Amino acid sequence: MDSKGVLEYARKHEAKILDLRFTDLPGLWHHISFPIHQLEESSFEDGYGMDGSSIRGWASIHESDMLLVPDPKTAFMDPFRDVPTLVMIGDVLDPITRQSYPRDPRFVARKAEAYLGFSGIADQAYFGAEAEFFIFDNVRFDQRQNEGFYHIDAEEGRWNSGRVEHNLGYRPRYKEGYFPVPPTDHYLDLRTDMALKMQSCGLNVECHHHEVATGGQAEIDLRFDTMLRSADNMMLFKYIVRNVAYQYGKTVTFMPKPLFQDNGNGMHTHQSLWLKGKPLFAGDQYAGLSQTALWYIGGLLKHAASIVAFAAPTTNSYKRLVPGFEAPVNLAYSRRNRSAAVRIPMYSASPKAKRLEFRPPDPSSNTYLAFAAMLMAGLDGIENKIDPGEPLDKDIYDMSPEELKNVPSLPGSLDAALSALEKDHDYLLKGDVFTEDVIRLWIDYKMNNEVNAIRMRPHPYEFQLYYDI
């Protein structure tokens, strides 16, 4: 839709409120609401004033005035509000210079798409993310000077099999939750409602299913779209999933590893490049890939340690990214082999379907920054013709320690990933896509608010290990 189309759309749906959304640095959606009469055609140029001083990673108090300019292509009616509410995502501008705000994550993604076109390599990048999540019935957590705990419960959790009161069984075994039918799959109707709500808001849903873990792990797949639109779509995806679950009296988390000794939440990210309507990743090389695609993989593998500072950006991410378990930490590529960091899906022989899947990311990431980092790494691989090495078609989990010595792996912690980003980020600075300010801000924010905060706090399991030492 263009601006005129949005105004007509608002009249057609009798919208009473305009809700503008934007994303902070870590990746959480925020909003500000206006009576609908304040939406005019000039609003798409003039924007709306807002205070950015209290947004994480944004302006200081003395430079807090911002403009939020709605993007008409993002308009939808909020399915959860009692009053008809028109929602749009806004781009953040400096009110004095009228320039895009450099710390706006959506602007970083916009610049990455612009750099792609400037490079001449391609004119379109398509991304498709598969975000996993858990559906729980109850969650409690706290941290004080003298105690720290968390407690999760889910009706579907296998740990409830021995419960005395009203117990009908039918719960997925640990690591055996892939594709069971109801009643073992407790949440078919809930996921269907989520998928239908997504479609009503303009998202293109491909499928949904139960995931591997017990306790209500789920996945809903969206069809690929342009990189920026896919990042927008993931913000809306999370909003819908959380709110539908909330209406059912459930709670959803996208934490990478909320359960001990069961699978975590990943966000496998499919990507491909196109030029003038033709796919660039199809060819006669390994697994039907082109040389361009192999170089793109080379860039992803070379820069993977710094990419995950954005794509697996929490301390909890590295509870999932543990060698020898379900998540792919080994930096290799392979067709079909899901233990490799880069997988080439072989579902279809069509050149249009040829793509690669980067598997380390998780849904705790800010998708604007994570997608932009992946794209910039892939483009660096093409520009510098980075050889990804030989493919690894063995199951990595069956390889001997001697064989694994030659396979590099991801950082084992968030602080190691941030250190890698500090050392390796020149590829992100091309075209001014990321800036030194944004990268420094990201590293400092994550170190001070997450890495050091976790370091300072005793872990509950440390009492079991060390109390009587």
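**Exercise 1. Locate Tyr 150 in the secondary structure, classify its exposure, and identify the patch it belongs to.**

Solution.
Step 1. Tyr 150 is part of strand E9, which covers residues 148–153. The model is a predicted one.
Step 2. The relative accessible area of Tyr 150 is 54%. The cut-off for exposed is over 50%, so Tyr 150 is classed as exposed.
Step 3. Tyr 150 belongs to a nonpolar surface patch together with Val 139, Phe 141 and Phe 260. The accessible area of these residues together is about 520 Å².

**Exercise 2. Describe the salt bridge between Arg 106 and Asp 232: which parts does it tie together, and are its two residues buried or exposed?**

Solution.
Step 1. Side chains of opposite charge can pair when their charged atoms come close.
Step 2. In the pair of Arg 106 and Asp 232, the closest N and O atoms are 2.7 Å apart. The criterion for a salt bridge is within 4 Å, and this pair forms one.
Step 3. Arg 106 sits in helix H3 (residues 105–119) and Asp 232 in helix H5 (residues 227–247), so the bridge ties together parts that lie 126 residues apart in sequence.
Step 4. Buried means under 20% relative accessible area. Arg 106 has 2% and is buried; Asp 232, also with 2%, is buried.
Step 5. Both residues belong to a network of salt bridges that also links Asp 71, Asp 91, Arg 110 and Arg 229.

**Exercise 3. Work out how Asp 444 and Arg 440 are placed in their helix, and state their exposure.**

Solution.
Step 1. A salt bridge joins the side chains of Asp 444 and Arg 440, with an N to O distance of 3.0 Å.
Step 2. Both residues are in helix H13 (residues 436–455); because they are 4 residues apart there, about one helical turn separates them.
Step 3. Asp 444 has 32% relative accessibility and counts as partly exposed. Arg 440, at 34%, is partly exposed as well.

**Exercise 4. Give the closest N and O distance for Glu 147 and Arg 144, and classify the exposure of each residue.**

Solution.
Step 1. The closest N and O atoms of Glu 147 and Arg 144 are 3.8 Å apart, and the two residues form a salt bridge.
Step 2. Glu 147 has a relative accessible area of 34%, which makes it partly exposed.
Step 3. Arg 144 is likewise partly exposed, at 47% relative accessibility.

**Exercise 5. State how many salt bridges a search of the whole structure finds.**

Solution.
The search finds 29 salt bridges. Among them are the pairs Arg 106 with Asp 232, Asp 444 with Arg 440, and Glu 147 with Arg 144.

Conventions: Residues numbered from 1 in each chain as written. Predicted model: local features only at pLDDT ≥ 70, side-chain atom pairs only at ≥ 80, totals over all residues. Heavy atoms only, no water. Buried < 20%, exposed > 50% of the residue type's maximum accessible area, 1.4 Å probe, protein only. Patch = residues over 30% accessible without salt bridge, like charges linked within 9 Å, V, L, I, M, F, W, Y side chains within 5 Å. Areas by Shrake-Rupley, 256 points an atom, 1.4 Å probe, with all protein chains shown as cover.
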